[in-house]
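Biologist: Could you take me slowly through one part of this model, chosen by you, and explain how its side chains are placed with respect to one another?

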Amino acid sequence: MFKTISRVKWRSFWRLLGLCITHPFFLWPTYKATKQCMQLATAHFGKKHYQNGQANAFRHALWNILIAKKCFVSSKGPARSVRWAKKITDWHEEAFFGEEMPMQMDFHNNAVGRNLFEANFGWSPQEFVDHLLVLTQAAVKMNKQTDLNQLKNQLVYITDDH
């Protein structure tokens, strides 16, 4: 826990506090979604989802879907839970020191997940997982020249999952 906390940029703590104060009913569902996401990613890909490959793309999209899905119960519609998923996952990406390309990949895959949820918010978690597994197989390997705007509905990755 300390190892993870020590990686967070100090100014990000204040932003997280603000998010927690303004969205207290989304905290527990977000925690549960995060836990479920990690369990599902590990069940499907082992520890590969910690790398920058297709498994990581799956995990980021699923994380956003599950946050939006679990917060949907407390919100007044999918748009509000999707906005929260964006706020908290953007915070996460910005709070930790990281390299530019993996951050771009994560932001992109997060957005793919949110878009998928918004278009299909009535799906069960398993339906989302099944669909994401198909998208994962078709994920596009990106590089610095990749135009992510051309890949709005496709997952992207940097390294092969071998």
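Modeller: Let me begin with Lys 69, keeping in mind that this is a predicted model. Lys 69 is buried and yet has no salt bridge, since the nearest side chain of opposite charge, that of Glu 127, is 7.1 Å away, whereas a salt bridge needs a side-chain nitrogen and a carboxyl oxygen within 4 Å. What the side chain of Lys 69 does have is a polar atom that lies 2.7 Å from the backbone oxygen of Trp 123. Lys 69 is found in helix H4, and, leaving aside residues up to four places away in sequence, Lys 69 touches Phe 117, Phe 121, Gly 122, Trp 123, Ser 124, Pro 125 and Phe 128.

Several of these names return when we turn to the aromatic rings. The structure holds eight aromatic pairs, and one of them is formed by Phe 72 and Phe 117, which meet edge-to-face, with 6.2 Å from centre to centre and 70° between the planes. Because Phe 72 lies in helix H4 (residues 54-72) and Phe 117 in helix H6 (residues 100-119), this pair ties together parts that are 45 residues apart in sequence. As for the surroundings of the two rings, Phe 72 counts as partly exposed, at 27% relative accessibility, while Phe 117 is buried, with a relative accessible area of 0%. Ring pairs also link Phe 72 and Phe 117 with Phe 121, Trp 123 and Phe 128 into a cluster, and among the residues that Lys 69 touches are Phe 117, Phe 121, Trp 123 and Phe 128.

Definitions and conventions
Residues numbered from 1 in each chain as written. Predicted model: local features only at pLDDT ≥ 70, side-chain atom pairs only at ≥ 80, totals over all residues. Heavy atoms only, no water. Phe/Tyr/Trp six-rings, centres within 6.5 Å; stacked < 30°, edge-to-face > 60°. Helix = DSSP H or I, 4+ residues; strand = E, 2+ residues; numbered from the N terminus. Buried < 20%, exposed > 50% of the residue type's maximum accessible area, 1.4 Å probe, protein only. Lys, Arg positive; Asp, Glu negative; His and termini not counted. Polar contact = N/O pair within 3.5 Å; in protein donor to acceptor, adjacent residues only side chain to side chain. Contact = heavy atoms within 4.5 Å.
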